[in-house]
Every structure is written in structure tokens, then in C-alpha cells.
Amino acid sequence: MKLKELLEKIDDGEMLNVYNEEKDCIGRMEPRNARKYLSILLLESEVDVIRTCGGEIEVYMKEDEPQRKE
């Protein structure tokens, strides 16, 4: 599932924490702000793991290297 698809299913009152493959937090925001401020590349990336912790949703992203056009 892509991050943008997941964001459509989460209530805007929820808090979302987004982590990269190294488990570094790269964003903490409500879904409506994630849709507004995260890059299209990240929004189009595949989600690897979804967890809940302390009433918040944690999303771990798969590491995808975009194909570069030369």
C-alpha cells in the first residue's frame, strides 16, 4: 500500500509518525498535514510496517530508490 492510500483511511484527528528504513522519524503530523507537506516521492512510496503506539500510528516506509532518467 502506498502512503497516500493509507492517509486516506486515517482520521484527521489521529497523529501519524513516519519512519524511514533506518527507523529514523522523518515526520510527525496529522494526515491532512502529511498530504499537504510531504513530498510526492514519499507519498507514492510503499509502506512496509504499520503499528500503533501510545494512541499514535507509526508507519515504516520501504526503501525505494527512484529510477533516474539520464
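Author: Buried means under 20% relative accessible area, exposed over 50%, and partly exposed in between (1.4 Å probe, protein chains only). This is a predicted model: local features need pLDDT of at least 70, side-chain atom pairs count only at pLDDT 80 or more, and totals for chains, interfaces and linings use all residues. Residues are numbered from 1 along each chain as its sequence is written, and side-chain values use heavy atoms, with hydrogens and water left out.

Reader: What share of the 70 residues counts as buried?
Author: Take the whole chain of 70 residues. Its C-alpha trace spans about 45 × 25 × 20 Å along the principal axes. The share of residues that count as buried is 36%.

Reader: In what pattern do the helices and strands follow along the sequence?
Author: Both come from DSSP runs, numbered from the N terminus: helices are H or I, at least four residues, and strands are E, at least two. The chain has three helices and four strands. Read along the sequence, they give α-β-β-α-α-β-β.

Reader: In which sense do strand 3 and strand 4 pair?
Author: Pairing needs at least two bridges found by DSSP. Strand 3 covers residues 47–53, and strand 4 covers residues 56–61. Six bridges join the two. One bridge partner of strand 3's I50, in strand 4, is V59. The sense is antiparallel.

Reader: Which residue in the hairpin of strand 3 and strand 4 takes a positive phi?
Author: Two residues lie between the strands of this hairpin. The phi in question is near 60°. The residue that takes it is G54.

Reader: How far is E58 from the nearest side chain of opposite charge?
Author: E58 sits in strand 4. E58 is buried yet has no salt bridge (a side-chain nitrogen of Lys or Arg within 4 Å of a carboxyl oxygen of Asp or Glu). Lys and Arg count as positive, Asp and Glu as negative, and His and the chain ends are not counted. The nearest side chain of opposite charge is R51, at 5.0 Å.

Reader: How many salt bridges are there?
Author: R32 and E30 make one of them, at 2.5 Å from N to O. Here R32 is partly exposed, with a relative accessible area of 44%. The count comes to five.

Reader: How many residues apart in sequence are R35 and D12?
Author: R35 and D12 form a salt bridge, with their closest N and O atoms 3.0 Å apart. R35 is in helix 2 (residues 31–37), while D12 is in the loop between helix 1 (3–9) and strand 1 (16–19). The pair links distant parts of the chain, with a separation of 23 residues.

Reader: Why does the salt bridge of E56 and R28 tie together parts of the chain that are apart in sequence?
Author: The two side chains meet at 2.4 Å, N to O. E56 lies in strand 4 and R28 in strand 2 (residues 25–29), so the pair ties together parts that are 28 residues apart. E56 is buried, because its relative accessible area is 19%.

Reader: Which residues is E44 in contact with, leaving aside its neighbours within four places in sequence?
Author: E44 lies in the loop between helix 3 (40–43) and strand 3. At 30% relative accessibility, E44 counts as partly exposed. Contact means heavy atoms within 4.5 Å. By that rule, the residues are K2 and K4.
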